[in-house]
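Visitor: I am new to this structure and would like a close look at a single part of it. Please choose one helix and follow it through its surroundings with me.

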Amino acid sequence: MSIWWSLHLRREAASVPLARRFLLGTMESAGVDPDISFDLSLALSEACANAVEHGGTHGDRGEGAETWEAWEEPSGAACGQYRVTAYLDGEKCRIEVADSGPGFPARRALRTAAQQHEAEQPYASKQQHPPQYAEHPPLTAEDGRGLCLIEQLADHVHFGNRPGHGGAVVSFDKVLKWREGALLMVS
(Lines give C-alpha, C1' and ligand atoms only; values in the text may rest on other atoms or scores of the structure.)
Protein backbone atom coordinates (compact mmCIF):
# COMPACT_ATOMS: atom_id res chain seq x y z
CA MET A 1 0.00 0.00 0.00
CA SER A 2 1.15 3.53 -0.67
CA ILE A 3 -0.30 6.98 -0.07
CA TRP A 4 0.08 10.15 -2.08
CA TRP A 5 -1.60 13.51 -1.87
CA SER A 6 -1.29 16.97 -3.32
CA LEU A 7 -2.34 20.27 -1.76
CA HIS A 8 -2.76 23.55 -3.58
CA LEU A 9 -2.27 26.27 -0.98
CA ARG A 10 -2.42 30.03 -0.91
CA ARG A 11 0.85 31.85 -0.31
CA GLU A 12 -0.17 32.80 3.21
CA ALA A 13 1.66 32.10 6.46
CA ALA A 14 -1.30 30.04 7.76
CA SER A 15 -0.77 27.48 5.00
CA VAL A 16 2.61 26.36 6.41
CA PRO A 17 1.32 24.73 9.62
CA LEU A 18 -1.64 23.34 7.67
CA ALA A 19 0.68 21.46 5.28
CA ARG A 20 2.85 20.33 8.20
CA ARG A 21 -0.15 18.96 10.15
CA PHE A 22 -1.47 17.21 7.06
CA LEU A 23 1.87 15.44 6.58
CA LEU A 24 2.20 14.57 10.28
CA GLY A 25 -1.34 13.15 10.35
CA THR A 26 -0.68 11.05 7.27
CA MET A 27 2.57 9.66 8.67
CA GLU A 28 1.10 8.98 12.11
CA SER A 29 -1.86 7.12 10.55
CA ALA A 30 0.50 5.11 8.36
CA GLY A 31 2.75 4.22 11.32
CA VAL A 32 5.94 6.12 10.45
CA ASP A 33 8.50 6.46 13.25
CA PRO A 34 7.93 9.80 15.07
CA ASP A 35 11.56 10.93 14.64
CA ILE A 36 11.37 10.49 10.86
CA SER A 37 7.97 12.23 10.82
CA PHE A 38 9.41 15.18 12.73
CA ASP A 39 12.40 15.55 10.37
CA LEU A 40 10.20 15.46 7.27
CA SER A 41 7.61 17.83 8.71
CA LEU A 42 10.29 20.35 9.66
CA ALA A 43 11.83 20.13 6.17
CA LEU A 44 8.36 20.58 4.66
CA SER A 45 7.72 23.62 6.85
CA GLU A 46 10.94 25.22 5.61
CA ALA A 47 10.11 24.50 1.96
CA CYS A 48 6.57 25.88 2.39
CA ALA A 49 7.84 28.99 4.19
CA ASN A 50 10.17 29.63 1.23
CA ALA A 51 7.27 29.24 -1.21
CA VAL A 52 5.19 31.71 0.82
CA GLU A 53 8.05 34.19 1.07
CA HIS A 54 9.59 33.91 -2.41
CA GLY A 55 7.01 32.09 -4.57
CA GLY A 56 5.39 35.10 -6.21
CA THR A 57 6.43 37.98 -8.35
CA HIS A 58 7.23 41.53 -7.33
CA GLY A 59 6.00 41.32 -3.76
CA ASP A 60 2.69 39.64 -4.63
CA ARG A 61 1.15 37.95 -1.63
CA GLY A 62 -1.69 36.18 -3.33
CA GLU A 63 -4.43 38.78 -3.48
CA GLY A 64 -6.42 38.70 -6.66
CA ALA A 65 -4.32 35.92 -8.17
CA GLU A 66 -5.86 33.30 -10.38
CA THR A 67 -6.42 29.83 -8.96
CA TRP A 68 -5.19 26.54 -10.37
CA GLU A 69 -7.50 23.85 -11.55
CA ALA A 70 -7.17 20.67 -9.47
CA TRP A 71 -4.79 18.87 -11.86
CA GLU A 72 -3.27 21.87 -13.62
CA GLU A 73 0.34 22.91 -13.26
CA PRO A 74 0.79 26.29 -11.58
CA SER A 75 1.15 29.08 -14.10
CA GLY A 76 2.88 32.42 -13.82
CA ALA A 77 -0.54 34.00 -13.27
CA ALA A 78 -1.23 31.73 -10.28
CA CYS A 79 1.52 33.34 -8.22
CA GLY A 80 -0.73 33.52 -5.15
CA GLN A 81 -0.52 29.75 -4.71
CA TYR A 82 1.93 26.89 -4.36
CA ARG A 83 1.65 23.11 -4.48
CA VAL A 84 2.79 20.46 -2.00
CA THR A 85 2.85 16.80 -3.07
CA ALA A 86 3.83 13.89 -0.83
CA TYR A 87 4.35 10.22 -1.69
CA LEU A 88 4.67 7.60 1.05
CA ASP A 89 5.45 4.05 0.04
CA GLY A 90 6.95 1.07 1.80
CA GLU A 91 10.49 2.41 1.72
CA LYS A 92 10.55 6.19 1.56
CA CYS A 93 8.66 9.44 1.59
CA ARG A 94 9.17 11.94 -1.22
CA ILE A 95 7.93 15.51 -0.90
CA GLU A 96 7.83 18.23 -3.55
CA VAL A 97 6.99 21.90 -3.07
CA ALA A 98 6.50 23.91 -6.27
CA ASP A 99 5.68 27.58 -6.65
CA SER A 100 5.26 29.97 -9.57
CA GLY A 101 7.73 32.64 -8.49
CA PRO A 102 11.00 33.68 -10.11
CA GLY A 103 12.71 30.39 -9.20
CA PHE A 104 16.24 29.87 -7.97
CA PRO A 105 18.99 32.07 -9.38
CA ALA A 106 21.28 30.47 -11.94
CA ARG A 107 24.21 28.79 -10.27
CA ARG A 108 27.61 29.79 -11.49
CA ALA A 109 30.84 28.09 -10.62
CA LEU A 110 32.91 30.91 -9.25
CA ARG A 111 36.55 30.23 -8.53
CA THR A 112 38.91 32.22 -6.42
CA ALA A 113 42.29 33.02 -7.91
CA ALA A 114 43.89 30.29 -5.75
CA GLN A 115 41.37 27.68 -6.97
CA GLN A 116 41.98 28.74 -10.59
CA HIS A 117 45.74 28.35 -10.07
CA GLU A 118 45.20 24.87 -8.56
CA ALA A 119 43.04 23.88 -11.54
CA GLU A 120 45.80 24.92 -13.92
CA GLN A 121 48.44 22.94 -11.96
CA PRO A 122 47.46 19.27 -12.45
CA TYR A 123 50.27 17.91 -10.23
CA ALA A 124 49.86 20.38 -7.39
CA SER A 125 48.23 19.10 -4.24
CA LYS A 126 44.56 20.01 -4.37
CA GLN A 127 42.38 20.57 -1.38
CA GLN A 128 39.03 18.82 -1.76
CA HIS A 129 35.91 20.88 -1.03
CA PRO A 130 32.60 19.08 -0.35
CA PRO A 131 29.78 20.06 -2.69
CA GLN A 132 27.39 22.58 -1.18
CA TYR A 133 24.03 22.99 -2.81
CA ALA A 134 22.48 25.66 -0.62
CA GLU A 135 24.62 28.66 0.18
CA HIS A 136 25.21 28.96 3.91
CA PRO A 137 24.18 32.34 5.33
CA PRO A 138 26.42 34.37 7.64
CA LEU A 139 26.15 33.42 11.31
CA THR A 140 24.53 36.77 12.12
CA ALA A 141 21.84 36.47 9.42
CA GLU A 142 18.24 36.38 10.65
CA ASP A 143 17.04 34.22 7.77
CA GLY A 144 18.39 32.11 4.91
CA ARG A 145 18.94 28.82 6.71
CA GLY A 146 15.90 26.95 5.38
CA LEU A 147 17.49 25.23 2.36
CA CYS A 148 20.51 24.19 4.42
CA LEU A 149 18.20 22.74 7.05
CA ILE A 150 16.27 20.76 4.43
CA GLU A 151 19.58 19.30 3.20
CA GLN A 152 20.44 18.18 6.72
CA LEU A 153 17.04 16.62 7.47
CA ALA A 154 16.46 14.70 4.24
CA ASP A 155 18.40 11.90 2.56
CA HIS A 156 18.24 13.34 -0.97
CA VAL A 157 17.41 16.92 -1.95
CA HIS A 158 16.96 18.67 -5.27
CA PHE A 159 16.53 22.42 -5.74
CA GLY A 160 15.50 23.38 -9.24
CA ASN A 161 13.32 25.49 -11.47
CA ARG A 162 10.27 24.41 -13.43
CA PRO A 163 11.34 24.27 -17.09
CA GLY A 164 9.41 26.64 -19.29
CA HIS A 165 6.96 27.69 -16.59
CA GLY A 166 8.99 29.59 -14.04
CA GLY A 167 8.92 28.86 -10.37
CA ALA A 168 11.05 26.96 -7.91
CA VAL A 169 10.76 23.27 -7.08
CA VAL A 170 12.18 21.83 -3.88
CA SER A 171 11.99 18.05 -3.69
CA PHE A 172 13.40 15.81 -1.01
CA ASP A 173 13.05 12.29 0.27
CA LYS A 174 13.91 10.24 3.29
CA VAL A 175 14.02 6.51 3.95
CA LEU A 176 11.21 5.62 6.33
CA LYS A 177 11.35 3.72 9.61
CA TRP A 178 8.16 2.20 10.92
CA ARG A 179 6.49 1.59 14.25
CA GLU A 180 5.58 -2.03 14.94
CA GLY A 181 2.29 -2.96 13.25
CA ALA A 182 2.41 0.03 10.88
CA LEU A 183 -0.08 0.12 8.00
CA LEU A 184 2.48 0.66 5.23
CA MET A 185 5.45 -1.19 6.71
CA VAL A 186 7.49 -3.19 4.23
CA SER A 187 6.87 -6.91 4.78
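Guide: What follows is a walk along one helix, α2, and then through the elements around it.

Please keep in mind that this is a predicted model. The protein has four helices and five strands, and from the N terminus on these elements run in the order β-α-α-β-β-α-α-β-β. Of the 187 residues in the protein, 39% are buried, and among the contacts with a separation of 6 or more, 63% are between residues 24 or more positions apart. The protein exposes about 11700 Å², of which carbon and sulfur atoms supply 53%.

Helix α2 has 21 residues, which at 1.5 Å a residue should span 30 Å, and this agrees with its end C-alpha atoms, which are 30 Å apart. Its buried residues are I36, S37, L40, S41, A43, L44, S45, A47, C48, A51 and V52. These buried residues pack against two other helices, α1 and α4, and against the strands β2, β3 and β5. Two residues of α2 help to show what this packing involves, namely L40 and E46.

L40 is buried, since its relative accessible area is 1%, under the 20% that sets the limit for a buried residue. Leaving aside residues up to four places away in sequence, L40 touches L23, M27, C93, I95, F172, K174 and L176. Two of these, L23 and M27, are among the buried residues of α1, while C93 counts as buried with a relative accessibility of 0%. The C-alpha atom of L40 is also separated by 6.9 Å from that of L153, although the two residues are 113 residues apart along the chain.

E46 gives another view of the helix, for E46 is partly exposed, with a relative accessible area of 23%. Not counting residues up to four places away in sequence, E46 touches G146, L149 and I150. From C-alpha to C-alpha, E46 and C148 are 9.7 Å apart in space, while 102 residues apart in sequence.

The contacts of L40 with L23 and M27 lead to helix α1. Helix α1 covers residues 15-30, and its 16 residues reach 23 Å from the first C-alpha to the last, close to the 22 Å expected at 1.5 Å a residue. In this helix S15, V16, A19, L23, T26, M27 and A30 are buried. Seen down the axis of α1, these buried residues fall within an arc of 115 degrees, so they line one face of the helix. On the other side of α1, R21, E28 and S29 are exposed. The buried residues of α1 pack against α2, and also against the strands β1, β2 and β3. After α1 comes G31, whose phi is positive, near 100 degrees.

The contacts of E46 with G146 and I150 lead to α4, where both of these residues are buried. Six of the eight residues of α4, which covers residues 146-153, are buried, so this helix is largely enclosed by the rest of the structure. They are G146, L147, C148, I150, E151 and L153, and what covers them includes α2, β4 and β5. C148 counts as buried at 8% relative accessibility. For the reader who wonders about cysteine pairs, the count of disulfides comes to zero.

Strand β5 is another element against which the buried residues of α2 pack. Seven of the eight residues of β5 are buried, so this strand, too, is largely enclosed by the rest of the structure. Strands β3 and β5 run antiparallel and are joined by seven bridges, and in one of the pairings A98 has V169 of β5 as its bridge partner. Strands β4 and β5 also pair in the antiparallel sense, here over six bridges, and V157 stands opposite F172 in β5. That F172 is one of the residues touched by L40. In the hairpin of β4 and β5 there are six residues between the strands, and G164 in this hairpin takes a positive phi near 75 degrees.

To return to the helix chosen at the start, the buried residues of α2 pack against α1, β2, β3, α4 and β5.

Technical notes
Residues numbered from 1 in each chain as written. Predicted model: local features only at pLDDT ≥ 70, side-chain atom pairs only at ≥ 80, totals over all residues. Heavy atoms only, no water. Expected span 1.5 Å × (residues − 1). Buried < 20%, exposed > 50% of the residue type's maximum accessible area, 1.4 Å probe, protein only. Arc of directions from axis to C-beta. Contact = heavy atoms within 4.5 Å. Disulfide = S-S within 2.5 Å. Pairing = 2+ DSSP bridges. Areas by Shrake-Rupley, 256 points an atom, 1.4 Å probe, with all protein chains shown as cover.
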